[in-house]
Structures are given as structure tokens and as C-alpha cells.
Amino acid sequence: MSHASPADDAAVFAEPTVPVRAGWTLNLSLATLAVFMAFMTPIQILLPLQLEHIDPHGKNDALSLVTGLGALVAVLANPLAGAWSDRTTNRFGRRRPWILGGALAGAAGLSFTATQHTVAGVAVGWCLAQAGLNAMLAGVTTPVADRVPLSQRAQVSGWTGLMQSFGLVLGALITTLLLTGVRSGYGTLAVLTVALALPFVLRHSEPPLPRELRPAFDARAFARSLWVSPRQHPDFGWAWLTRFLINLGNALGTLYLFYFLADAVHYDDPGTGVPILTVIYTLCAALTAIPAGVLSDRVGRRKVFVVLCSLIMAAAAALLALLHTWSSAIVAAAVLGAGYGIYLAVDQALITQVLPEAADRAKDLGVINIANSGPQVLAPALASPIITHLGGYTGLYTTAALVILIGGLLVNLIRSVA
């Protein structure tokens, strides 16, 4: 391998200026689809079915234990993998080895989980899968900051962001309509995780990190680097808090949807109702994400779109708080999806503009991803007492609306982004 030139050195950390092509965006989106399909389908479908078979009476506690441990692994693994990715000097680049390695490790974890017949075994398998998939996630989230110029960033973020919702819908369709067994569901996800990662890994090169630019490893400094001081980097801190609150409000709004349909709406078949609302939500997100991203890139503004999406999402939550009917639930799903589509595109682009150091992009985006996974842990702990003691589902969705609204308004405290 030849020595990297100064131009190569600059290319690793330079702000990108060359537009990416449609094929690059498509293949990165496929890799993102893979990781979210592997994340969401077990949580929504496969783990509940598997744990119900293992422990019918304790299935709810078992599911909370398994998913809680998995979320804890996710919170730790994502920034750690990102930090190691930032230091990777492989000739294939810093991100692609982690995308492929994470996909293989995640697939192995899914395959191991499929064979387990105890709660402890499922927990171990799911934690292994989470570790691998979060290494993959660290790899797929950073190329937008590494390679996409500001003039395209919200549009590309819209495509990759949509894959979060499509992953849930596609995974549900595959595991409920095409496959009947839990083991075959895990196996199919494992294969798809690797297969969908390969086009981006094999077709799109990236500049390698020269060894002389890799920081010397120091365990204490490495651990300290996982904390990004909001005092030193206030815009990063406000962006993190905005994302945390909007995701927390969204999680509060969707977590108890099954029970909301059953207990408040009195819908005859909530098991069918939830997928219907999910599809409506996803389609409406798809309708707004790309146009919002294109418009944001064109006018060069981000914050106004985040405020707009928070107003739209808060309106949807308020509708669920006020009206407990099937028709209002359909309208709320459409409105919430439309707002979340705008959020997916524009907030990710905004985040990439407040990262403290170019050399730490993957690690810092891993810290940002805690604002995605953290609310999934916190929401169940908040939702249950709110429903029990603070006004039932009216209280729950009022809280969700307020949290989303506060999160959206806080984005105005970011100074370095328009």
C-alpha cells in the first residue's frame, strides 16, 4: 500500500463538496434499511412470539428484560463502535469495514437468538445482535457527514431516514405474510442484513485514514471523548436535547398504541389496527421527507423545518388526547407520519452541521444516537404511571404533545445553523 498523499490526508476530514450520485444514496439507504429491519422486527414481532412460547405467564416481564438489556448494549456499543471507526486505518476506509463486520456480527447474533429456548439465552443472543447491529449503525450513519455536501444533505438524510420506518413495515410483512416460524424469521433477517449491506460496501470507495493521523490510543482519553461537553459545544448539546425530546414524545405516542386501541377506542381487532396505522404513518412520512429535504437544502435553512415538524407532531398527539375514535386515530397517524418525515430529513442534516470535530464524526453521531435509543428505555417507565395516575390516555398523549413541542422549540437555541 502506497503512502497517502497530503491530498488524501485532507480528503478524510474535509467538508465534502462533490455531489453524491443516486446509486450511492440508494445503496446507503439499503444498508440503513437492513440495520433497522434487523432492529425493529425482533422487538415488534419475533421476540414477543419467542418469549410467549418460552414463558407464557411471564412474557411481559421477559420482553421488558430482554429489550431493556438490548437497549443498554445499544447505548454503549454505538458510540464505542463509532469511536473505533474514526480510528480505523484499513485500506478500505473507516466506515465500510464496520458496516460489513457489524452486519456479519449482527446476523450471527440473530441466528444465535433463533436457537434459544430460555429467557437468559434469548437475552444473550439479543445483546450480541445489538452489539453487532450498533457497530453497523455507526458505519451507516456517518457517510452522510463524511461524503455528502450541505447542498444535498437533507435530501439524502430523507432517504436514509425513511428506511427506519420502512424497515419496520417490510420486516413485519416478511415475518407475518411470507414466513410462519420464529426461527425462519430470524434466519431471513440475518441473511438480508448482510445482503443489503454488500452493495454499499463493495461499490463505493472512501479515502482511508493515514496511520500518522490516527490519534494514539489512551484508555482514559478515549473514555473521556465519549462525553461531549454541552458547555464547550452548546449547539451539539441543544441538538442532542432536541432529538431526545422529539423521539421521547414520539415513543410515548406510539408505545401503547395497541392498548389505546383496545381500551380507549374499543377497536375490535387492535392486532390488525396497529399495522394499519403503522402503514399510514410510514406512507405519510415518505410523502413529506424527500420534498422537505429538497426544500431545506434549496433554501439553506434547517431550524424552521424542525419547529414545523414539532408543531405537526404535537397536533397529532393532541388529537389522540382529545378524541378516542378509530377515525381520529387514522388522521393522527397520517399527521404524525407527515411531521416525522420532515423531522427525519432535516434534523439529521442539522446534526451533521454541529458535530464538534471532523475526526470524531462517527463517535459523535454515536452519542447522538443515544438520543434515539434512550427514549425507548425511558418511555415505558414514564408511560405506565402517567396512564395510571395522570389522566389515562388523555394524560399520556397530552404529555407526548408537550414534550415534542418543547423539543422542537429548543432547536432555536442553536446558533451556528440557520
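1. A good place to start is glutamate 206, whose side chain reaches the backbone nitrogen of arginine 96 at 2.9 Å. The backbone nitrogen of arginine 95 also lies 3.0 Å from a polar atom of the glutamate 206 side chain. Please keep in mind throughout that this is a predicted model.

2. Where does glutamate 206 sit? You will find it in the loop between α8 (182–203) and α9 (219–225). Despite that loop setting, glutamate 206 counts as buried, because its relative accessible area is 14% and the cut-off for burial is under 20%. Beyond its neighbours within four places in sequence, glutamate 206 touches Phe92, Gly93, Arg94, Arg95, Arg96 and Pro97.

3. Helix α8 itself deserves a look at threonine 193, which is found there. Is threonine 193 buried or exposed? Its relative accessibility is 1%, so threonine 193 is buried. Setting aside neighbours within four places in sequence, threonine 193 is in contact with Ala34, Ala38, Ala103, Leu110, Leu133 and Met136. The C-alpha atom of threonine 193 is separated by 7.9 Å from that of leucine 104, although the two residues are 89 apart along the chain.

4. Next, helix α15, which covers residues 361–389. Its 29 residues should span 42 Å at 1.5 Å a residue, and the end C-alpha atoms are indeed 42 Å apart, so the expected and modelled spans agree. When you view α15, do look for the kink of about 35 degrees at leucine 378, shortly before proline 380. After α15 comes glycine 391, with a positive phi near 95 degrees.

5. On annotation, the unreviewed UniProt entry places the feature "domain: Major facilitator superfamily (MFS) profile" at residues 235–418. In the model, this span is 84% helix and 0% strand, and its end C-alpha atoms lie 12 Å apart.

6. Finally, a word on confidence. The chain averages a pLDDT of 90, and 98% of the residues score at least 70. Which elements mark the two extremes of mean pLDDT? Helix α4 (residues 96–114) has the highest, at 98, and helix α1 (residues 6–13) the lowest, at 59. Over residues 1–9 the pLDDT is below 50, and this stretch has eight contacts in the model beyond near neighbours in sequence. Where pLDDT is low, the predicted coordinates should not be read in detail.

Definitions and conventions: Residues numbered from 1 in each chain as written. Predicted model: local features only at pLDDT ≥ 70, side-chain atom pairs only at ≥ 80, totals over all residues. Heavy atoms only, no water. pLDDT = per-residue confidence, 0-100. Helix = DSSP H or I, 4+ residues; strand = E, 2+ residues; numbered from the N terminus. Contact = heavy atoms within 4.5 Å. UniProt positions renumbered as here; feature names shortened; annotations may be inferred. Buried < 20%, exposed > 50% of the residue type's maximum accessible area, 1.4 Å probe, protein only. Polar contact = N/O pair within 3.5 Å; in protein donor to acceptor, adjacent residues only side chain to side chain. Expected span 1.5 Å × (residues − 1). Bend = angle between axes of the 7 residues up to and from the residue.
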